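User: I would like to learn how to read the features of a structural model, taking one feature at a time. Please give the general idea first and then the case at hand.

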Amino acid sequence: MIRKGKRNVKSEEENAFAKIRMEYLVLLGAFIMLMIIGGFFIPNFWTEGYQKELFKRAAIVGTLAIGQTIVMLTGGVDLSIGSLTMGLAVIGAVLFRETPILSECPWWIPTLIIFLIGALTGSVNGLGIALAKIPPIIMTLGMMTTISGITLVYTKGFARGGAHPVIIEFVRVSEIIGIPSVVIMWVIVTLIMWFVLRFTTYGREIYAVGSNPIASHFAGVHVKKIIVIVYTLAGIFAAASSLLYLGRVLAPNLSVAPAGIGLDFLLSSFAVSVLGGTTFRGGEGGVIGTFIAALLYGNIRGILVALGFGTPGILIFTGLIILMVSVIKQMKIKK
Amino acid sequence: MVEVYLSTEGIVKTFPGVKALDNVSIELKMGRITALVGENGAGKSTLVKIISGVYQSDKGRIFVRGKEVNYRNSKEALLEHKIACVHQENTLIPEMTVVENFFLEIENRFYKWGLLSYPAMKKELKSFLKDININNIDIDLKAKYLKPNEIKLIEFAKSLYYNPNLLILDEVTAPLAEDEVKLVFNHMEHLKNSGKAVLFISHRLAEILRISDEVIILREGKVIKSLTGKEIERDQIISMMIGVDIKSHEYFPPKATKVSDKKILEIRNLKGNGVDVSFEVFEGEILALAGLGGQGMSQVLRMIYGILPREYGEFYLNGKRVKIRNPRDAIRCGIIYVSENRELEELFPNLSVKENISIPLFDRCNKAGVIIGSKLSKYVKDIIKSFSIKAPSLDVPITQLSGGNKQKVIIGRYICKEPKVLLLANPTEGLDIATKIEVYKILRNLANRGIGVVVLLSELSEVVNLPDRVLIMHSGRIIKELKKNEITEENILRGYFKEL
Amino acid sequence: MPLSVLFHMRKFLSSYYMFAVLIIVWGVFAIISPSFLTVSNMYRVMLFSTPLLIVSLAQNIVILTKGFDLTIGSLVSLITVISSLLMDMKWPLIIIILIVLMIGVLVGTFNGVCISKFGVTPFIVTLGTMFMLDGISLFIRPQPGGDIYPDFINGVMLYVSGIPMGPMLMFVIVAILGTLFLERRCTGRLIYAVGCSEEKSILRGISVGQLLLMVYVLSGLLTAIGGLIYTAYVQVGDPNIGAPLLFASITAVFLGGTSAAGGVGRFPNTCAAVLLLGSITTFLFQIQVIAWYKYIINGVLLVASAAFSKFMIEAKGRL
């Protein structure tokens, strides 16, 4: 070779693990620290009851965040999953309790319907973005507003119905070897998504599309298909979240956030994804980070509540933490 | 004693992991055209960006007319020290018109009652362009609709507008046609004769030899030598650039002695975007589409690959008609395209080297959608080896690789897909001599394996020495086909200018 | 037709096409409900639109730089809360106004520094700040309340024989000043340049960091002004009152053809979009339909306009 100077290709395994471990270790470290702080401040922190509640709440937030994370990996956003979750909860409540035929059916029929509607809505988002080339922000913002409008008009602000006993039992009561079933489900789903993202062609193509959609297209990746899949998945996760939400609160609470329903769902899905290391640039991040971040998020809230902070305090702290984490991350990159 | 306009002393600039400039001291004299040559990664563009004010050096000083200066951005360098620079990268804001782009930094000179006066700006620009003999550019167009040569000409005009004492041109001639290059050189000579200093960077040695009074050679961030007058000679320059003795005839691999007459790809009536062509690609040949800038060659390739919409086109693969609507269809037929816009259209910026190589390989390495890691790793390692891709490790971000290695990654990864036809747009643009030679070898090897290689080439020496067959295009049509001995510099140039 | 006339026509259309849409919609509304096109109704539309226009100008400027200002809604809420608080404490109006403006500048500076100096994505920064501002508002005033100075309300509304002229005047002034700033001042053009391509702007020596900081400070300031006006409208301090304005402002900016990719979009169209949103709300109110339908209409309209504008861009060719 004409060029002078040699460089050896290091063992790729070493470097890959080094990079991943760093970020997740930091997050895990933060989580452990918070557990310790929690134990300090919260009277019954180390009781089984409290821990289970903590993990259950994290599971609900975390499940929805998975959908947002996957969308963000393609460089997009889904502003509609919050209102979709709430809207599906409303529909679900009605299907489970108020509809003449369906209320008699076994629990999994209305559940399936909810998942179908969620997937369909998500796919509408995906089609708008992939085919009509509408920017994700605009498409999902429009969808969010529309869903909010439809839900509000339909319910006239007053939600009826409730969840099915099976679901309630699943979310609130059932356990397997002492761990709440919701949490186990959440862990399984996270692991499945992790596997898909890391080891399947679709998963790697999601990262590729997020990194450079044009290059992906040139390389033969079916970019449109990936985008539709991703947003449909987000819709499915919204459906799952809505059922978990119903199981937990028994009946949807349409405290009408004037801008759109389900705003807190949306904001927490962002907060958790961002904290977990997924960026809006696309092609960076993953569901493991989201998983740990969901636990962190739940922990922070718990500590703040115990310290006597109401909603205002929680909001301020959450905002502060998001800002601090992001700034610190940027400063690390600059180095 | 010739006066020095700008000199640098001990410039050091380090980027993460790379020392781009190591104690660089140069002198740019007035009334002289100084050329800066070196491979990619030698530090030319970095030095240019420091002199023009875009970067700040870590160490070292800059003197203008003997006095030390310290400008913080390129606007200061331009307005206070009359250092104008046409960068390698296009700096026109795509969504703004030519007029707005031209005066963006000094719009406050055109205020009338506190508001910008566009008529005044247009008038000024029109008369200026006329004065410097750059015509036929619609100044009301948004920059994104301009052709690459028009963009460069406007940027060149902009730098002249400020009446610079030092004009820096970084790879200006790359997108320009012969007559436009002549225009640029005329202005450079004019500046030189008016006693101004010109710094000229180009990969095209022919131009360097033609116009420079002094040649400064950079290698790995250090100034190797400065040649003047008779010392400026081709082989000398090249060997200093790459540090080894290389004679001209070794640049290009030998052409095919006999090309098969088996047609792999036939294109009939490809129409659209101002283009109307029909041609064939034979097994094992290197076919070049050549012409002046903007004559449609790039559009032809992109329309074949399905990334540029076309009005009509029939494609026959080994005699059978195929439908190509998008890259997926093309790849299925064994046709692969490599774009010249590496950063925008081929590379995945925040992914690792390994991932950049892997993405086109997924369909070879999976079972029911799950990637077989071991098979993929083997492919990747093979590619790294056979293309001699230099990277600190497979997991570093692709951005850490040099331009040449990036290009090797791009070309290399597609080979595993066993293409029948490769379409390459300007594969050696912006690469250093050493990598160019490697790429020529790679292309010839691919052709020898039976692949039909279709290339767009910009440098005349490449068009003469690399392909087995040349199709010259003009105004979107193929006007001449040159085979074997017909491929000479004279015939090609005649074709370019339509003297047939 | 001579080329220059065509050129000027095209330029005019691209700046004002939204008004054509607006007129068509008005026509449709008038057919459905003839009493829509009355003067008093138009006043109502303007009334509704003015605060939205002010915050939409802020949002427009930010979105032009490829950014987002999610703090707009929460900042408006905070302003109403603080104003009502200080008015309850009987502070002089001038001082209150100054404090409010300062708060706007502060929030804007905070956002701007995080974005330009630390390089954090605008979406995340303004998301975090939004959380914080919401928390502060809720802390100060958990429930809506407060007595707003009648003088202040009258001063904003500027009643002339019973008709509120103030908001109309403000609408026109903001529309004109906003357009002139963005299209005919150097700084405005630099905003477009930086929004279109930061890298190229840096190469040309434009101080991008400074510009971004200024953009967010400006946004904060404008939002604070909008918040003040809004306080006169709603006549309470309410920690939740501003949220609809955030999404409405984003909707208006995108509806008006500003691109999420930065550097493209003209303010007159945003003004028309604001009027359009105001008209829809007023119309629904007039035909006595539940207000919530407007969400559906706004959502569909937003998506349809985005799809349409993409289509127009492909078909328009030059300019």
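Analyst: Chain A has 13 helices and two strands; helices (H or I, at least four residues) and strands (E, at least two) are DSSP runs, numbered from the N terminus. This is a predicted model, in which local features need pLDDT of at least 70 and side-chain atom pairs count only at pLDDT 80 or more, while totals for chains, interfaces and linings use all residues. Residues are numbered from 1 along each chain as its sequence is written, and chains are lettered from A and ligands numbered from 1 in the order in which they are written.

User: How is burial to be read, and how many residues of chain A count as buried?

Analyst: A residue is buried if 20 or more other C-beta atoms, placed from the backbone, lie within 10 Å of its own, exposed if 12 or fewer do, and partly exposed in between. In chain A, 53% of the 335 residues count as buried. A contact is defined by C-beta atoms, placed from the backbone, that lie within 7 Å of each other. Among contacts in chain A between residues at least 6 apart in sequence, 79% join residues at least 24 apart.

User: Which helix of chain C gives the most to the side that touches chain A?

Analyst: The contact takes 42 residues from chain C and 39 residues from chain A. On the side of chain C, α5 (122-140), α11 (243-255) and α13 (293-316) each supply at least two residues, and α5(C) gives the most, with 14 residues. By class, this side of chain C has 30 nonpolar, ten polar and two charged residues. Here Ala, Val, Leu, Ile, Met, Phe, Trp, Tyr, Cys and Pro count as nonpolar, Asp, Glu, Lys and Arg as charged, and the others, Gly among them, as polar.

User: How is the length of a helix such as α5(C) checked, and is α5(C) largely enclosed or left open?

Analyst: The expected span of a helix is 1.5 Å times one less than its number of residues. For the 19 residues of α5(C) this gives 27 Å, and the end C-alpha atoms are 26 Å apart, which agrees. Because 16 of its 19 residues are buried, α5(C) is largely enclosed by the rest of the structure.

User: What does I296(C) touch?

Analyst: I296(C) lies in helix α13 of chain C. Leaving aside its neighbours within four places in sequence, I296(C) is in contact with T146(A), G149(A), I150(A) and V153(A). It has 18 C-beta neighbours inside 10 Å, so I296(C) counts as partly exposed.

User: How does one judge the overall form of chain B?

Analyst: One compares the radius of gyration, taken over C-alpha atoms, with the globule rule, 2.2 Å times the number of residues to the power 0.38. Chain B holds 17 helices and 25 strands. Its radius of gyration is 24 Å, close to the 23 Å given by the rule for 500 residues, so chain B is as compact as a globular protein of that length. The C-alpha atoms of chain B fill a box of roughly 70 × 50 × 50 Å along the principal axes, and 48% of its residues count as buried.

User: How is a sheet read, and which strands stand at the edges of the six-stranded one in chain B?

Analyst: Strands of a sheet pair through backbone hydrogen bonds, either parallel or antiparallel. Two strands pair here if DSSP finds at least two bridges between them. The open sheet of six strands in chain B has the order β7-β10-β11-β4-β12-β13, with mixed pairing. β7 (83-86) and β13 (222-228) of chain B are the edge strands, each with a single partner, so one side of each lacks a neighbour in the sheet. The twist averages 20° from one strand to the next. Four bridges join β7(B) to the parallel strand β10 (residues 166-170) of chain B, and A84(B) stands opposite L167(B) in β10(B).

User: What packs on this sheet, and at what angle?

Analyst: Axes are lines fitted to C-alpha atoms, for helices over the stretch in contact, and angles run from 0 to 180 degrees between N-to-C directions. Helix α1 (residues 44-51) of chain B packs on the sheet, and its direction makes about 150° with that of β10(B). Helix α5 (residues 148-161) of chain B touches β7 and β10 of chain B, and its direction makes about 180° with that of β7(B).

Methods. Contact = placed C-beta atoms within 7 Å.
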